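Trainee: Please give me a close look at the aromatic pairs of this protein, and then at its largest pocket.

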Amino acid sequence: MTDPGTQPGWVPEAATEDEEEEMPLSLRLSIADTLTLGNATCGFMAVYFTTTGILIPHLTGSQETGMARHSAATAVILMLCAAVFDLFDGLVARKLRSSPMGAELDNLSDLISFGLAPAYFVLVYGMVADDAHQRVAAVGAIVVLLAVVLRLARFSCVTPTNGMFQGMPSPFGALTVVAIVLLELPFAATLLAILGTAWLMVSRVEYPKPRGRLAGAMLTWIVLSMGLLVAWAFGAPSGQLLLQTGCALQLVMGAVIPLFATARRVNNFRDNRREARAAQP
């Protein structure tokens with residue numbers, strides 16, 4: 001009878017078990033990872049509704065003018081849902097646990113929901129608004145996508161200090177971009193505002209991390225934004241005005257939040273200087 005140890009390609013059973021135990025990554029998804037995958041799904045479906053409900057009707061001539069309200073609202077609501085998943089997966093990961101794949105899954109999902117989806121929304125906006133602006137809108141969409149890619153790459157390499165992000169967080173940036181589009185400003189103003197938001201995402205301007213009360217405030221704002229979008233989509237009285245007001249507030253927050261963070265940093269610097277002077281003999 002042939003000894004199995006002499007057969008080519010034979011590996012001892014004990015060695016196989018040791019290799020399985022030494023696998024660096026676990027393929028079991030945690031609860032936080034499941035929420036992260038929900039984030040990616042919402043981002044993909046936002047692209048789907050932007051294509052089927054806005055772009056295709058425009059190309060086939062089955063839509064008169066402008067964006068289809070229902071599809072546009074659905075796409076943006078899905079991006080808001082992605083932001084909710086992104087908010088909760090971090091909280092759940094801190095409370096319970098996250099698999100070794102958690103950080104990579106989070107970055108990949110954020111790239112879909114807060115990079116690809118809003119950039120595609122900008123591209124379709126340019127095609128629907130005016131064919132003459134299509135190429136310029138494509139440039140703006142590419143800038144948004146690359147800004148999110150750089151933002152996420154830098155986040156993976158730099159650890160936030162003092163509970164602050166460097167640059168506008170990608171979920172907040174994505175929502176700001178779509179708010180600019182929904183405001184229906186003149187094309188030049190819209191493009192400049194989009195480019196400004198992209199710059200804020202890759203800048204060193206500080207934004208606070210959404211924790212505690214700030215996380216609760218952010219969740220409340222997202223739910224309110226969903227309500228405004230639904231009212232606008234179904235033609236509620238003053239729905240257009242309410243939506244524009246909400247979009248304008250999103251832009252104001254994007255500009256004002258870093259001012260508060262900068263003011264707090266300056267105050268802390270002054271306090272430290274005073275303490276240092278008081279400690280001198």
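Mentor: The answer below takes the aromatic pairs in turn and then goes on to the largest pocket. This is a predicted model, in which local features need pLDDT of at least 70 and side-chain atom pairs count only at pLDDT 80 or more, while totals for chains, interfaces and linings use all residues. Residues are numbered from 1 along each chain as its sequence is written, and side-chain values use heavy atoms, with hydrogens and water left out.

A pair of aromatic rings is described by the distance of the centres and the angle of the planes. The whole structure holds four aromatic pairs (rings of Phe, Tyr or Trp, the last by its six-membered ring, with centres within 6.5 Å; stacked if the planes are under 30 degrees apart, edge-to-face if over 60, tilted otherwise). One of them joins Y125 and F187, whose rings are stacked, with 6.2 Å from centre to centre and 15° between the planes. This pair links distant parts of the chain, since Y125 belongs to helix α4 (residues 102-129) and F187 to helix α7 (residues 187-202), 62 residues apart; helices (H or I, at least four residues) and strands (E, at least two) are DSSP runs numbered from the N terminus. Y125 counts as buried because its relative accessibility is 11%, buried meaning under 20% relative accessible area with a 1.4 Å probe and protein chains only. F187 is also buried, because its relative accessible area is 16%.

Another pair, F172 with Y207, is tilted: the centres are 6.4 Å apart and the planes make an angle of 45°. Because F172 sits in helix α6 (residues 170-182) and Y207 in strand β2 (residues 206-208), this pair ties together parts that are 35 residues apart in sequence. Both F172 and Y207 are buried.

We turn now to the pocket. The largest pocket has a volume of about 1,100 Å³; a pocket is an open set of points on a 1 Å grid over the protein atoms alone, where a 1.4 Å probe fits, with protein on both sides within 12 Å along at least five of seven lines, and lining residues have an atom within 4 Å of a point. The volume is the space filled by probe spheres set on the points, which are joined across faces, edges and corners. Its lining has 42 residues, and D86, F155, F165, K209 and P210 are the closest to the centre. Elements that give two or more residues to this lining include α4, α6 and β2, while α3 supplies the largest share, eight residues.

Key. Buried means under 20% relative accessible area, exposed over 50%, partly exposed in between (1.4 Å probe, protein chains only).
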